[in-house]
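Subject: Model handover

Hi there,

Here is the model I promised to pass on. Please have a look at it before reading my notes underneath.

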There are 2 protein chains.
Amino acid sequence: MVTIADVARHAGVAPSTVSYVLTGKRSISPQTRTKVRESIRLLGYHPHAGARALATSRANVVALVLPLRPGVHLPVLMRFVTAAVTAARRHDMDVLLVTADQGAQGLRRVAGSAQVDGFLVMDVELDDDRVPLLRQVAQPSVLIGRPAAVKGLTCVDLDFEAAGARCVDHLADLGHRYIGFLGAPSVVYQRNTGYAQRTMAGFGAAAMRRGIASTALPAEDDYESVLTSVRSLLRTQPAMTALVVHNEAALGWVAGSLRALGRKVPDDVAVVAICPDELAEQMQLTSVQLPAEELGRQAMELLVARLNGHPTAPLTLLPPKLSGRASTAPRLRRA
Amino acid sequence: MVTIADVARHAGVAPSTVSYVLTGKRSISPQTRTKVRESIRLLGYHPHAGARALATSRANVVALVLPLRPGVHLPVLMRFVTAAVTAARRHDMDVLLVTADQGAQGLRRVAGSAQVDGFLVMDVELDDDRVPLLRQVAQPSVLIGRPAAVKGLTCVDLDFEAAGARCVDHLADLGHRYIGFLGAPSVVYQRNTGYAQRTMAGFGAAAMRRGIASTALPAEDDYESVLTSVRSLLRTQPAMTALVVHNEAALGWVAGSLRALGRKVPDDVAVVAICPDELAEQMQLTSVQLPAEELGRQAMELLVARLNGHPTAPLTLLPPKLSGRASTAPRLRRA
DNA sequence: TCCGTGTGTTGAAGCGTTTCGACAACATTA
DNA sequence: TAATGTTGTCGAAACGCTTCAACACACGGA
């Protein structure tokens with residue numbers, strides 16, 4: 001292994017000088033700088049990460065804590081991950097993978113051994129058992145998702161309330177006056193999953209604000225129950241001309257159910273989904289997407305900010321983006 | 001931070017003694033051992049990873065090099081990853097994530113700075129530009145996939161030839177005598193992707209061995225061309241009673257095409273797929289799966305073996321496993 | 001001429017481990 | 001009893017880097 005001493009000898013300077021050239025923490029004359037740089041290049045020198053970590057007590061590594069539990073949408077997760085990794089690299093940080101199955105143990109170990117400078121925790125739930133742990137360890141952390149109490153934390157999430165509202169606004173602007181909401185399976189609401197409720201709340205509030213009649217129902221993820229839910233929405237509100245769907249699994253059955261009930265999309269009933277973009281793209285649905293890249297990037301930036309001692313807000317909510325597609329159209333006043 | 005010196009002081013021994021308790025590299029009296037252990041527990045001591053890496057020139061970290069290029073099947077990739085991470089943890093190793101977009105640069109940096117002890121490279125192609133790099137760096141590596149020349153490397157892969165053969169054998173055992181093969185899009189064969197050819201070769205050889213008439217065709221991934229390919233297979237070989245499909249994207253259209261041509265699965269034509277297990281499960285297809293967990297685990301075990309100086313074979317091929325499902329049935333001799 | 005003020009460079013002291021050689025203390029053999 | 005192992009422990013020297021205090025030097029101002 002080629003060390004800083006080798007470089008120093010080769011360039012005819014002191015090791016400390018080489019260090020200062022590398023870190024730029026002191027002014028170095030242009031001559032020495034280029035001389036040292038040349039020696040570094042020639043010898044193929046790379047600073048030893050461990051030694052550096054020891055000396056600076058900074059590992060330049062952040063832990064990425066992934067859930068990998070069943071039910072996470074992998075393509076979206078991967079987009080988080082790549083965005084986070086890319087952002088990390090921009091700040092000369094590397095990423096250590098910590099899977100959730102390593103559990104509390106893993107977090108503590110990684111934190112205690114100073115292997116990482118901070119934690120990026122993905123897919124945080126309303127009542128996440130990792131949160132108390134993260135409060136204990138020395139390293140700062142940023143969470144993607146929104147636990148019940150964000151005080152003292154740094155969290156990033158999509159503004160689901162705004163997302164629900166955005167759907168209503170879009171439909172209202174198109175002239176719709178009676179809108180239905182097809183939600184997640186009821187078990188999700190029972191589990192207090194946070195984002196589901198918040199979307200609903202945002203939807204409901206926006207409807208009230210715009211003077212729009214709204215009806216909401218949960219939906220399970222098989223054709224039969226989607227059909228039942230849609231039928232009962234239409235029965236409750238026969239004038240319904242638009243549907244907001246917040247349920248990835250049900251999405252595939254919605255168009256079919258509507259067709260089975262004699263309604264065409266978008267002419268009779270417009271549909272807006274809240275779902276990963278690729279799903280919406282595939283089915284040609286107007287949708288509010290989960291901005292995975294943006295979330296991953298933001299989270300990492302916030303983490304880096306905290307590592308550099310900058311204060312950060314406990315909760316950063318990203319504004320929803322709506323992409324118009326074939327499933328919505330202006331409401332034409334029929335003769 | 002609590003250091004080994006703190007522990008030593010607390011336990012009334014020398015730092016080196018604590019170290020020996022931790023590593024077990026010298027015999028320590030039971031009394032001191034428990035005393036030291038107790039102090040460690042009490043003070044919540046964790047060895048500093050950087051310091052350890054510096055002293056031992058072993059980071060206890062392996063790099064996981066992911067492609068993340070479009071077209072990789074993410075659920076399968078994730079199963080690789082979790083299996084690899086789990087295996088790594090069993091050997092007290094952590095996993096650093098290196099995405100391919102960091103490219104050669106990233107590999108060199110991570111290797112040069114001694115951040116990792118080895119590389120686990122996923123989704124290696126026949127002519128992979130990472131391979132020459134890996135030969136240069138000091139750390140050993142294990143590849144999942146099979147590049148053109150494996151000499152001096154350590155590679156793990158599914159035995160695709162055997163997989164092709166396994167399908168034939170299964171069908172032959174059921175009494176089928178005329179079997180078709182629906183392959184990947186022709187562009188894949190042109191690209192020399194290795195595994196596609198090897199599957200074909202295995203299929204063809206097994207058919208010859210069993211005295212079975214076989215016809216093979218590539219298939220694109222839209223309904224029209226799948227239909228065309230299936231029709232032309234049936235025209236070439238009207239007595240065909242079974243189909244081996246090695247094309248994830250086409251899979252969805254196969255049953256429909258057969259139905260459109262008046263053939264029922266499995267009564268008229270049996271189907272065996274070579275694809276990720278969940279796809280097969282979902283469509284109830286008899287299939288040979290990609291043993292992702294097994295590959296990830298094996299790869300990590302091999303890497304650990306190499307790190308410990310054990311020699312490893314340049315190529316480890318995992319035997320294919322066939323799961324019988326509803327799409328195959330014994331060939332009944334019709335009246 | 002002397003003094004302060006920058007600027008560029010250096011030597012040495014850490015950072016927290018591991019590990020080697022040394023050395024007591026005790027047990028075993030001659 | 002002396003010589004020889006064996007076992008358990010210790011002190012100190014690495015490992016490769018950063019960083020602080022110190023210093024040499026040149027510069028302009030009194």
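Below is a short account of what turned up.

First, the conventions. Residues are numbered from 1 along each chain as its sequence is written, while chains are lettered from A and ligands numbered from 1 in the order in which they are written. This is a predicted model, in which local features need pLDDT of at least 70, side-chain atom pairs count only at pLDDT 80 or more, and totals for chains, interfaces and linings use all residues; side-chain values use heavy atoms, with hydrogens and water left out.

**The two copies**

Chain B superposes on chain A by a rotation of 180° with 0.0 Å of shift along its axis, at an RMSD of 0.1 Å (a least-squares fit on the C-alpha atoms of residues with pLDDT of at least 70 in both). The two copies are thus related as by a two-fold rotation axis. They meet through the same surface, because 100% of the interface residues of chain B are also interface residues in chain A (contact means heavy atoms within 4.5 Å).

**Domains of chain A**

The domain assignment, which is automatic or from a database, gives domain 1 (4-47), domain 2 (61-158 + 292-320) and domain 3 (160-289). The C-alpha centres of domains 2 and 3 of chain A lie 31 Å apart, and 10 residues of domain 2 are in contact with 14 residues of domain 3. An unreviewed UniProt entry lists residues 2-56 of chain A as "domain: HTH lacI-type"; the positions are in the numbering used here, the feature name is shortened, and such annotations may be inferred rather than shown by experiment. That span is 71% helix and 0% strand, with its end C-alpha atoms 20 Å apart. Helices (H or I, at least four residues) and strands (E, at least two) are DSSP runs, numbered from the N terminus.

**DNA strand C**

There are 28 residues around this strand, and A:Thr17, A:Ser27, B:Ile4, B:Tyr20 and B:Arg26 come nearest (near means a heavy atom within 4 Å). Of the atoms of DNA strand C that come within 4 Å of the protein, 56% belong to sugar and phosphate. Among the polar contacts (pairs of N or O atoms within 3.5 Å), a side-chain N or O atom of B:Arg26 is 2.4 Å from a base oxygen. Phosphate oxygens of DNA strand C are approached by a backbone N or O atom of B:Ile4 at 2.5 Å and by a polar side-chain atom of B:Arg52 at 2.8 Å.

**DNA strand D**

Here 30 residues surround the strand, with A:Ile4, A:Arg26, A:Tyr45, B:Thr17 and B:Thr32 the closest. Sugar and phosphate make up 60% of the atoms of DNA strand D within 4 Å of the protein. The side chain of A:Arg26 places an N or O atom 2.6 Å from a base nitrogen, and that of A:Tyr45 places one 2.6 Å from a phosphate oxygen. B:Arg26 has a polar side-chain atom 2.8 Å from a base oxygen of DNA strand D. Helix 4 of chain A gives the most to the surface near this strand, with five residues.

**Backbone details to check**

The peptide bond between A:Val265 and A:Pro266 is cis, with omega about 0°, and the one from B:Val265 to B:Pro266 is cis with omega near 5°. A:Pro266 sits in the loop between helix 12 (248-260) and strand 9 (270-274) of chain A. B:Asp92, a residue other than glycine, has a positive phi near 60°.

Best wishes

Definitions and conventions:
A polar contact is a pair of N or O atoms within 3.5 Å; within protein, one must be able to donate a hydrogen and the other to accept it, and residues adjacent in sequence count only if both atoms are side-chain atoms.
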